[in-house]
Amino acid sequence: MNGLFLATVFHLSVAFFLLGMGWRCLGWLRAPVPLKIPLTPGPKTRVGVAARLAGETIAFRSLFRAAPGLWVVAWLFHLSLVLLLIGHFGGLVAPKFSQRLLGLTAEQFTAQAQLSGGAIGILAAASLLGLLLRRIASKPLRAISTAGDFFLLLLLLLIVATGLAMRFAGQIDLREARAFVSGMRDFKSAVPSPDSVFTTHLLLVCALLVYAPFSKLVHMAGVFFNPALNQTNTPRERRHIGSGLGPARVVFPPAKTP
């Protein structure tokens, strides 16, 4: 596939993702919050709210209390996803900066990237398989699962699988991949065409970016707009004035004639 066309598809997918997530966040911001509904016992200060949100987004505290087994799989998947994003940025977008930061030679940096990226990719694939098998094996969970749930897990698995194929099947040249990413990053008109596996991997990522604003992946931003988590537990100390409702109106039913 033509490199310039592939780069254009990726840029459009990123723009769609940002606009879609921005639209969803704007909808949450404009949604009325008529009641004070923090999960109790809740924090009474904004600092406490920030600590609670940090605990939920980093440690998945509520999930750990409810289902420790699921917490292990979910936390490992999210950890591997964050590490993969950091590794892709450091290895493809800013390799020279990352190499200087780690104090490694070019050969050492490439070897470390191959080793760590492969290990984290295997961890991501194993955790995704665990989440998928759990959804299939559990009858109650299977009954409430939608096609979108399975589609998202399979799409993520395909992205990870194509990434692992490039690492372990020897079908990727890091210099060519960095040249492609560099041309795409700098909006160059002459972008080298990547191989078929890299193209498939990138197109799957584009599909994920386009699908994300309409899927359960919006929880990555939605958690911060959850009134059960982002409100202080001060219903007695301070009156809560509902947002987005406008002035209250009292409507009387029409009087009945005898």
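**View 1. The largest nonpolar core of this predicted model.** Forty is the number to keep in mind here: the core holds 40 residues, and L128, F180 and L208 touch the most other members. Helices α1 (3-30), α4, α6, α8, α9 (174-185) and α10 each give two or more residues to this core. The largest share belongs to α8, which puts in nine residues. As a general backdrop, nonpolar side chains in soluble globular proteins tend to be buried together.

**View 2. Helix α8, residues 147-168.** Here's the helix behind that largest share of the core. Its 22 residues reach 31 Å from the first C-alpha to the last, close to the 32 Å expected at 1.5 Å a residue. Plenty to look for along the way: D149, L152, L153, L155, L156, L157, I159, V160, T162, G163, L164 and M166 are buried. And what covers them? The cover includes α4 (68-93), α6 (106-137), α7 (139-144) and α10 (196-211). When picking out faces by eye, remember that an α-helix has 3.6 residues a turn, so residues three or four places apart point the same way.

**View 3. R46 and its partners from far along the chain.** R46 sits in helix α2, which runs over residues 46-59. Is this arginine buried or exposed? R46 counts as exposed, because its relative accessibility is 60% and the cut-off is over 50%. Set aside the neighbours within four places in sequence, and R46 is in contact with N230 and T232. The pairing with N230 spans 184 residues in sequence, yet the two C-alphas are 8.5 Å apart in space.

**View 4. The second largest pocket.** Now zoom in on the space itself, about 470 Å³ of it. Lining this pocket are 20 residues, and the closest to its centre are V33, R46, N230, Q231 and H240. So R46 and N230, the pair in contact in the previous view, turn up again here, because both are on that list. Two elements give two or more residues to the lining: α1 and α12 (227-230).

**View 5. Two buried cysteines, C25 and C206.** C25 is buried because its relative accessible area, 18%, falls under the 20% cut-off. C206 also counts as buried, at 3% relative accessibility. How many disulfides does the model have? The count comes to zero, taking a disulfide as a pair of cysteine sulfur atoms within 2.5 Å.

Key
Residues are numbered from 1 along each chain as its sequence is written. This is a predicted model: local features need pLDDT of at least 70, side-chain atom pairs count only at pLDDT 80 or more; totals for chains, interfaces and linings use all residues. Side-chain values use heavy atoms; hydrogens and water are left out. Helices (H or I, at least four residues) and strands (E, at least two) are DSSP runs, numbered from the N terminus. The expected span of a helix is 1.5 Å times one less than its number of residues. Buried means under 20% relative accessible area, exposed over 50%, partly exposed in between (1.4 Å probe, protein chains only). Contact means heavy atoms within 4.5 Å. A nonpolar core is a set of buried Ala, Val, Leu, Ile, Met, Phe, Trp, Tyr and Cys residues joined through side-chain atoms within 4.5 Å. On a 1 Å grid over the protein atoms alone, a cavity is a set of points where a 1.4 Å probe fits but cannot get out, and a pocket is an open set with protein on both sides within 12 Å along at least five of seven lines; lining residues have an atom within 4 Å of a point. Grid points are joined across faces, edges and corners, and a volume is the space filled by probe spheres set on the points.
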